[in-house]
Amino acid sequence: MRDWRDGVRRVEPYVPGEQPRETKMIKLNTNENPYPPAPGVEKALREINAGCLRLYPDPEAAVLVKALAEYYGVKPSQVFVGVGSDDVLAMAFLTFFNSDLPILFPDITYSFYDVWADLFRIPYRQVPLDDQFRIVPEDYLTENGGIVFPNPNAPTGEELSQEGIEKILEHNRQSVVIVDEAALSLLEKYDNLLVVQTFSKSRSMAGMRIGFCIGSEEMIRYLNDVKYSFNSYTMAQTALILGVEAVRDREYFEKTTARIAETREWAKKELRRLGFRFGDSKANFIFAAH
């Protein structure tokens, strides 16, 4: 006799970082920003009219999309926003990775990639890093159904050069290449590139859940088609209002990210003094061994 459990989609889920209940604790496990959001965010939060919450938010998230487009010097039609970069990446997997060929991503990387691939039944192959925990561009010059990797990679912090990213893009014109964070300068040249970023760390907005991606107008149009087939109202009213304020304050953003980079470089010196070894991390974490 058939059981209802026969139709259940079973996956090994991603395990999110623990959120401790204790308050007197230095918390490092999810790399949150130690500094508060931009001052304009707090001001806007205090001034939000609760009456607006009875209305559905703008499904196009136009105010936030416009602010991001102005900040990065692209058209609004090149920007897609979602509930954190995880939501944006999941939509991108669902939209662009529909080939019978395996998608490619590093064997040591963000551990959500294989979870999404299993969830959406996308074939995949994990490509080994070299013995210095670096991505080897030449290993991605093979037939595939798409490519995704963070830059800098997680958890290693190793950054692939622009030349390395471009080599992957140039030899994979038939595939969508998703770079999680840094590669914006290559967008005009490659219409198969999608760059994903988040407000969580650099803009101190992890609790607000705002992510976005920038790509060609055609790619963003396809993403929106999938989004509107899944959940039209992804961004809350508060997220839109506060997200715009976070984007507007370029000076605060640059100041706090510089402070984090300074702290990282100080931590490297201290860890080396204590006998640890690690690569030249360009992220907000250090992949160290003693």
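**Exercise 1. Strand β1.** Determine which residue in β7 Val81 stands opposite.

*Solution.* Val81 stands opposite Phe212 in β7. The strands in this predicted model are DSSP runs (E, at least two residues), and helices are likewise DSSP runs (H or I, at least four residues), numbered from the N terminus. Next, consider the pairing, for which DSSP must find at least two bridges between two strands: β1 and strand β7 (residues 211–214) pair in the antiparallel sense over 4 bridges. Finally, examine the faces of β1 (residues 79–82): Val79 and Val81 on one side, and Phe80 and Gly82 on the other, are all buried. Buried means under 20% relative accessible area, exposed over 50%, and partly exposed in between (1.4 Å probe, protein chains only).

This is a predicted model, in which local features need pLDDT of at least 70 and side-chain atom pairs count only at pLDDT 80 or more, whereas totals for chains, interfaces and linings use all residues. Residues are numbered from 1 along each chain as its sequence is written, and side-chain values use heavy atoms, with hydrogens and water left out.

**Exercise 2. An aromatic pair.** Classify the ring pair of Phe112 and Trp116.

*Solution.* Rings of Phe, Tyr and Trp (its six-membered ring) pair if their centres lie within 6.5 Å; planes under 30 degrees apart count as stacked, over 60 as edge-to-face and the rest as tilted. The search of the whole structure finds 18 aromatic pairs. For Phe112 and Trp116, the ring centres are 4.3 Å apart and the planes stand at 5°, so the pair is stacked. Phe112 is buried at 16% relative accessibility, and Trp116 is buried at 4%. Both residues belong to one aromatic cluster, whose members include Tyr14, Phe93 and Tyr124.

**Exercise 3. A salt bridge.** State which parts of the structure the pair of Glu138 and Lys167 ties together.

*Solution.* A salt bridge places a side-chain nitrogen of Lys or Arg within 4 Å of a carboxyl oxygen of Asp or Glu. The side chains of Glu138 and Lys167 meet this condition at 2.7 Å, N to O. Glu138 lies in the loop between β3 (124–127) and β4 (147–151), and Lys167 lies in helix α5 (residues 162–170), so the pair ties together parts that are 29 residues apart in sequence. Glu138 is partly exposed at 43% relative accessibility, and Lys167 is partly exposed at 31%. Elsewhere, salt bridges that share partners join Arg264, Glu265, Lys268, Asp280 and Lys282 into one network.
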